[in-house]
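Work through the following exercises with the sequence and the three-dimensional view side by side. Try each task before you read its solution.

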Amino acid sequence: MTDDQLTRYRESIDNIDAALVFMLAERFKITQAVGTYKAAQGLPPADPGREDRQIARLRRLAADAHLDPEFSEKFLRFIIDEVIRHHEKLQG
């Protein structure tokens with residue numbers, strides 16, 4: 001038999017995971033549009049300055065939220081690398 005409190009925690013986690021997936025999907029729709037625009041304008045797929053600013057911003061937000069900034073940076077870096085990979089495909 002499952003503990004009711006544990007079940008409620010897990011249901012909340014499942015809801016948050018679903019929200020994360022939908023938020024990531026929405027983010028990637030927008031970054032795909034950015035990649036298409038960059039390709040049409042002859043802009044490079046990566047913007048290291050922007051990436052650095054975004055990582056610094058996310059680290060500050062993470063600290064404010066009591067989330068490990070190292071974790072948040074790894075998470076954002078993974079997303080940025082994936083976006084750049086998609087942008088490179090659009091250029092080629």
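## Exercise 1: A loop residue

His66 has a relative accessibility of 76% and therefore counts as exposed, since the cut-off for that class is over 50%. The model in which you see it is a predicted one.

Task: State where His66 is placed and what is notable about its phi.

Solution. Begin with the position, which is in the loop between α2 and α3. Next, turn to the backbone angle: phi of His66 is near 60°, which is a positive value in a residue other than glycine. As a rule, most residues other than glycine have a negative phi.

## Exercise 2: The start of a helix

Task: Find which residue caps the N-terminal end of α3, and decide whether that residue is buried, partly exposed or exposed.

Solution. The capping residue is Asp68, of which a side-chain oxygen lies 3.0 Å from the backbone nitrogen of Glu70. Asp68 belongs to the loop between α2 and α3. With a relative accessibility of 43%, Asp68 counts as partly exposed, because this class lies between the cut-offs of 20% and 50%. For comparison, look at the start of α1, where a side-chain oxygen of Asp3 comes to within 2.7 Å of the backbone nitrogen of Gln5.

## Exercise 3: Checking helix lengths

Task: Work out whether the ends of α1 and α3 lie as far apart as their residue counts predict.

Solution. Take α1 to begin with: its 38 residues, at 1.5 Å a residue, should span 56 Å, and its end C-alpha atoms are 56 Å apart, so the two values agree. For α3, the 23 residues should span 33 Å, and the end C-alpha atoms are 32 Å apart, which again agrees. Just after α1 comes Gly42, with a positive phi of about 70°.

## Exercise 4: Two helices that cross

Task: Describe how α2 and α3 are arranged, and say which classes of residue make up their contact.

Solution. Start with the geometry: the axes of α2 (residues 48–64) and α3 (residues 69–91) come within 9 Å and cross at roughly 145°, and the crossing is right-handed. Then list the partners, which include Glu51, Ile55 and Leu58 on the side of α2 and Leu76, Arg77, Ile80 and Ile84 on the side of α3. By class, the contact has eight nonpolar, two polar and five charged residues. Finally, consider Glu51 of α2, which counts as buried because its relative accessibility is 13%. Setting aside neighbours within four places in sequence, Glu51 is in contact with Ala46, Arg77, Ile80 and Ile84.

## Exercise 5: Buried residues of α1 and α3

Task: Identify the buried residues of α1 and α3, and explain why Gly35 counts as buried.

Solution. In α1 the buried residues are Thr31, Gly35 and Lys38, and they pack against α3. In α3 the buried residues are Ser72, Leu76, Ile79, Ile80, Val83, Ile84 and His87, and what covers them includes both α1 and α2. Gly35 counts as buried because its relative accessibility is 0%, where the cut-off is under 20%. Not counting residues up to four places away in sequence, Gly35 touches His87 and Leu90. As a last step, follow the chain from Gly35 to Ala46, which is eleven residues away along the chain, and you find their C-alpha atoms separated by 9.5 Å.

Terms used: Residues are numbered from 1 along each chain as its sequence is written. This is a predicted model: local features need pLDDT of at least 70, side-chain atom pairs count only at pLDDT 80 or more; totals for chains, interfaces and linings use all residues. Side-chain values use heavy atoms; hydrogens and water are left out. Axes are lines fitted to C-alpha atoms, for helices over the stretch in contact, and angles run from 0 to 180 degrees between N-to-C directions. Helices (H or I, at least four residues) and strands (E, at least two) are DSSP runs, numbered from the N terminus. A crossing is left-handed if the near helix is turned anticlockwise from the far one by less than a right angle, and right-handed if clockwise. Contact means heavy atoms within 4.5 Å. Ala, Val, Leu, Ile, Met, Phe, Trp, Tyr, Cys and Pro count as nonpolar, Asp, Glu, Lys and Arg as charged, and the others, Gly among them, as polar. The expected span of a helix is 1.5 Å times one less than its number of residues. Buried means under 20% relative accessible area, exposed over 50%, partly exposed in between (1.4 Å probe, protein chains only). A polar contact is a pair of N or O atoms within 3.5 Å; within protein, one must be able to donate a hydrogen and the other to accept it, and residues adjacent in sequence count only if both atoms are side-chain atoms.
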